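User: I've got a structure open and want to talk through its pockets and cavities. Can you take me through them?

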Amino acid sequence: MEEEYIATEHILPKKVAKKRLAIDESESRVGDSIEIVDSNQSLLAPRAKRIKSEIRKIAVPPHRYSALKENWMKIFTPIVDNMKLQIRFNTKLRQVEIRSSSETPDLSNLQKGVDFVKAFLCGFDADDALALLRLDDLFIETFEIKDVKTLRGDHMSRAIGRLAGKGGRTKFTIENVTKTRIVLADSKIHILGAYQSIQLARRAICNLILGSPPSKVYSNLRSVAGRISERI
């Protein structure tokens, strides 16, 4: 009998390399995932950087509540409009809170605003304290009469009277000659001005506390102020 040759290629299915198919599928999945990630990243908008705001709190003494309420707009307007800061009065904690914002051009404005509010709470007029926001070389110095000389009772009252003078003339004279502003708050004395002017005013006040007559203090003030103006 003659044997016939039958081609099995047409009958049996072709063998497919399973490993090769698995590798191709994994590569295609990885490629799709990379494309999806790239498209998601392109859709995401860049996040804006958050600027951390700083806050300062200033306690308000009880005797300055009414003055703060009456002059609130004089304090609020320059701090918000000129310094670009945020300010509020916390009625529960009885304190003024000042905070920087994203519109604040310089963080040093926060310290200027704090100094301005503190000067008003010390007793200075709002218009005089406003100079702290405009000028950089102004300071506030505070000291007590007992730091110069220990006085009690009537001696303390007489020392305060010598500093103020009749109708406040002595205090006004020292302010005009030294170009400073002075607040007499009981036994505490606050001086606002430039560094050299503060030292000159403090020297005159200390001489009055120690018992020097006002006429002698005036003459010394005028001579020293004249020498300083000649140097300038």
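Analyst: Happy to. Keep in mind that this is a predicted model. A good place to start is the second largest pocket, lined by Pro61, His63, Lys118, Leu121, Cys122, Gly123, Ala185, Lys188 and His190.

User: Which element gives the most to the lining of the second largest pocket?

Analyst: Two elements give two or more residues to that lining, namely α4 (108-122) and β6. Of the residues in the lining, Lys118, Leu121 and Cys122 are among those listed. The top contributor, with three residues, is α4.

User: Which domains does the lining of the second largest pocket draw at least three residues from?

Analyst: The lining includes Pro61 and His63 as well as Lys188 and His190. By class, it has four nonpolar, three polar and two charged residues. Each of two domains supplies at least three residues: domain 1 (53-135) and domain 2 (137-231).

User: And what volume does the second largest pocket have?

Analyst: We've already met its lining, with residues such as Gly123 and Ala185 included. The computed volume is about 170 Å³.

User: Let's move to the sheet. Which strands stand at its edges?

Analyst: The sheet is open, and its three strands come in the order β4-β6-β5 with antiparallel pairing. Each edge strand has a single partner, so one side of each is left without a neighbour in the sheet; these strands are β4 (139-144) and β5.

User: What does the twist average from one strand to the next?

Analyst: The strands concerned are those of the open sheet, in the order β4-β6-β5. From one strand to the next, the twist averages 15°.

User: Which residue in β6 does Val183 stand opposite?

Analyst: β5 and β6 (residues 188-193) run antiparallel and are joined by five bridges. Across from Val183 you'll find a β6 residue that also lines the second largest pocket. That residue is His190.

User: Which helix packs on the sheet?

Analyst: The helix in question touches β4, β5 and β6. Its direction makes about 150° with that of β6, and the helix is α10.

User: What about cavities: which residue is the charged one in the lining of the largest cavity?

Analyst: A search of the whole structure finds one cavity of 30 Å³ or more, and about 40 Å³ of space lies in the largest cavity. α9 (169-178), β5 (181-185) and α10 (195-210) each supply at least two residues of its lining. The lining has six nonpolar residues, no polar ones and one charged. Leu163, Ile174, Ile182, Leu184, Ile205 and Leu208 are listed there along with the charged one, Lys171.

Technical notes
Residues numbered from 1 in each chain as written. Predicted model: local features only at pLDDT ≥ 70, side-chain atom pairs only at ≥ 80, totals over all residues. Heavy atoms only, no water. 1 Å grid on protein atoms, 1.4 Å probe; cavity = no way out; pocket = protein on both sides within 12 Å on 5 of 7 lines; lining within 4 Å. Points joined across faces, edges and corners; volume = space filled by probe spheres on them. Helix = DSSP H or I, 4+ residues; strand = E, 2+ residues; numbered from the N terminus. Nonpolar A, V, L, I, M, F, W, Y, C, P; charged D, E, K, R; others polar. Pairing = 2+ DSSP bridges. Axes fitted to C-alpha atoms, helices over the stretch in contact; angles between N-to-C directions. Contact = heavy atoms within 4.5 Å. Domains from an automatic or database assignment.
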